[in-house]
Amino acid sequence: MMKRYDVVIIGGGLAGLASALKLADKRKKVLLLEAEPVLGGRTSNYQDNGMEVESGFHRMIGYYTAFPEMLRKAGIDLKEIFMWEKRMEVRLAEKEKTAKFGIAPLLGPYQALKGVIGNNRILSPLDKLSLIPFFTSGLKDYKKSPKQLDEISIADYAKKYGVTENAFQSLIVPLSSGLFFIGPKRYSAYAFFGLFAAGIPTIYKMRIGAFLGGMTDIMCNPIGKAIERKGGEIRTSCKVKKLTIDQNKRVNGVKLDNGNSIQADHVVLATTLHSAKQILASDFEDHPWFAPMLKLPVMPAVTFQLELTKRALPKDITTFGPGTALASFAEQSRTTFRHAHGRLSIILAEPEKFLDMEPEETLKIVLQDTKKLGMDLEKHLVDYRQINHHYDFHSLEPGNNWLRPEQNTPVDGLVLAGDYTMQPFFATMEGAVVSGNKAAEIILNQKAHKKTAIS
Ligand SMILES: Cc1cc2nc3c(=O)[nH]c(=O)nc-3n(C[C@H](O)[C@H](O)[C@H](O)COP(=O)(O)OP(=O)(O)OC[C@H]3O[C@@H](n4cnc5c(N)ncnc54)[C@H](O)[C@@H]3O)c2cc1C
């Protein structure tokens, strides 16, 4: 018997999974198609020639709401999958200095206060004072003049507000490179302050959490199972080539890479921006609504993961390494990769430098820089992998934010989702889930269309 779908969702990252879960929950007949063999997209873990790897190390932020809500809806016990950190660390190369910053003003007030009034070896009282007008004006401009704020880099904004050189190097550089892998000269001030602004209403919940296992295993597969329990279907290793369009210019399904077509009343395009552009190109290249989105540039990320015979760091906490290639890193053997004796996961900056580099070359730089940061890892090395995300992020450089599309498109039957679509959390797990939820709500609020069958 022919199967009929209300909604086909393209992409099994968090945006697609959120959409599928919400729609299946409302009894829509959904089919989720994922090009890769595993669910999760940028939050996946998988075997890479005998080594267990992850897309990159991730932190849950305590102020996220849509993301934990989705996990709960999928029947996941949050206590089982996160371990909360109450502080993060900045390590400075050569100077043998570290600064610890509390990140939970209400849940860990002592560490937070100590971080602000302590750390004088790294940040003098003058450095700290210089940050006050920077942060207060930035958060004000985020609300009052967002467009102007997106025209300026965070480096220029820091200069404008008199941030001292030392505060800039010790705090703004690690924050910008660590959060989105690009240095402050390329980082839009709007995107920088946006992530802080999004957390202000729920600042009392602020803390960050490490995952207690690979994210496909402990999160994405269980969400997939919940979708299936609600009657939805999931196909992995199933790549969509293009959308299919009927004579009324309505999107009525998808064409797969293997030549098959699947028809549906609605399609949620929940891939990365890069894939979405490819899927849309043939039919919507000249459509004015899609023009800004087709111009929105992408940016890469590169992660490097080391399996070790012993732990590289005494705690599994988020650490920044300004002045080195290690934008941010964490020991993971007590959290995400508990099978390992030692495991360091690193996000490299600037990613463009490493994309075309042989992993052996990258390893040399990583080992030199970990040494500068006080970790001598060479003799403990078991294995390593470099994971390149060539085109996975929309660019957070100045001037790009307003090219991001809304989820609702003017094309009948087509809705977008994905962290690059317009929502306040930029390229984060929360942003992906918010976009997926919005896409589902758009469909749920539309009148039902006539169902068609697989051709
Ligand atoms: C190294 C790294 C570190 C990060 N750290 C954090 C962090 O600490 N905290 C945080 O909140 N966020 C973090 N993020 C960001 C977060 O992972 C993403 O914002 C989020 O996962 C994006 O979800 P998505 O569903 O929009 O996209 P994706 O996860 O990219 O999902 C898109 C999916 O579409 C699939 N697809 C593409 N083309 C097709 C096709 N033609 N047919 C079928 N399927 C297709 C892809 O395979 C993919 O699975 C990090 C990301 C990376 C890479």
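This passage describes the overall form, the aromatic contacts and the internal spaces of a predicted model.

The protein chain contains 15 helices and 19 strands. Its C-alpha trace spans about 70 × 50 × 40 Å along the principal axes. For a chain of 455 residues, a compact globule would be expected to have a radius of gyration near 23 Å, and the value of 22 Å computed for this protein chain agrees with that expectation. Of the 455 residues, 60% count as buried.

Aromatic contacts were examined next. A pair of aromatic rings is described by two quantities, the distance of the centres and the angle of the planes. The structure holds 25 aromatic pairs. In one of them, formed by phenylalanine 134 and phenylalanine 193, the ring centres are 5.1 Å apart and the planes meet at 55°; because this angle is neither under 30 degrees, as stacking would require, nor over 60, as an edge-to-face arrangement would require, the pair is classed as tilted. The pair links distant parts of the chain, since phenylalanine 134 belongs to helix α5 (residues 125-144) and phenylalanine 193 to helix α9 (residues 189-199), with the two positions 59 residues apart in the numbering. Phenylalanine 134 has a relative accessible area of 0% and is therefore buried, and phenylalanine 193 is likewise buried, with a relative accessible area of 0%. Both rings also take part in a cluster linked by ring pairs, which is made up of Phe134, Phe135, Tyr157, Tyr161, Phe180, Phe181, Tyr187, Phe192, Phe193, Phe196 and Phe393.

Aromatic rings are also met by charged side chains. The charged end of arginine 343 sits over the ring of phenylalanine 337, at 3.7 Å from the ring centre, while arginine 207 lies over the face of tryptophan 84, at 4.0 Å from the centre of that ring.

Arginine 207 and tryptophan 84 appear again in the second largest pocket, where Gly62, Arg72, Leu78, Trp84 and Arg207 are the lining residues that lie nearest the centre. This pocket has a volume of about 240 Å³ and is lined by 14 residues, of which 7 are nonpolar, 2 polar and 5 charged. Helices α2 (66-73) and α3 (78-81) each supply at least two residues of the lining. Within α2, the buried residues are Ala66, Phe67, Pro68, Met70 and Leu71. The helix is followed by glycine 75, whose phi is positive, near 85°.

The search for enclosed spaces gave 1 cavity of 30 Å³ or more, and the largest cavity has a volume of about 40 Å³. The residues that line the largest cavity are Asp150, Ser188, Tyr190, Ala191, His394, Ser395, Leu396, Glu397, Asn400, Asn401 and Phe426. By class, this lining comprises 4 nonpolar, 5 polar and 2 charged residues.

Finally, lysine 26 was considered, a residue that lies in the loop between α1 (14-25) and β2 (30-33). Its relative accessible area is 53%, and because a residue counts as exposed over 50%, lysine 26 is placed in the exposed class. Although lysine 26 and alanine 440 are 414 residues apart in sequence, their C-alpha atoms are 9.7 Å apart in space.

Technical notes:
Residues are numbered from 1 along each chain as its sequence is written. This is a predicted model: local features need pLDDT of at least 70, side-chain atom pairs count only at pLDDT 80 or more; totals for chains, interfaces and linings use all residues. Side-chain values use heavy atoms; hydrogens and water are left out. Rings of Phe, Tyr and Trp (its six-membered ring) pair if their centres lie within 6.5 Å; planes under 30 degrees apart count as stacked, over 60 as edge-to-face and the rest as tilted. Helices (H or I, at least four residues) and strands (E, at least two) are DSSP runs, numbered from the N terminus. Buried means under 20% relative accessible area, exposed over 50%, partly exposed in between (1.4 Å probe, protein chains only). A charge sits over a ring if NZ of Lys or CZ of Arg is within 6 Å of the ring centre and within 35 degrees of the ring normal. On a 1 Å grid over the protein atoms alone, a cavity is a set of points where a 1.4 Å probe fits but cannot get out, and a pocket is an open set with protein on both sides within 12 Å along at least five of seven lines; lining residues have an atom within 4 Å of a point. Grid points are joined across faces, edges and corners, and a volume is the space filled by probe spheres set on the points. Ala, Val, Leu, Ile, Met, Phe, Trp, Tyr, Cys and Pro count as nonpolar, Asp, Glu, Lys and Arg as charged, and the others, Gly among them, as polar. The radius of gyration is taken over C-alpha atoms; the globule rule is 2.2 Å times the number of residues to the power 0.38.
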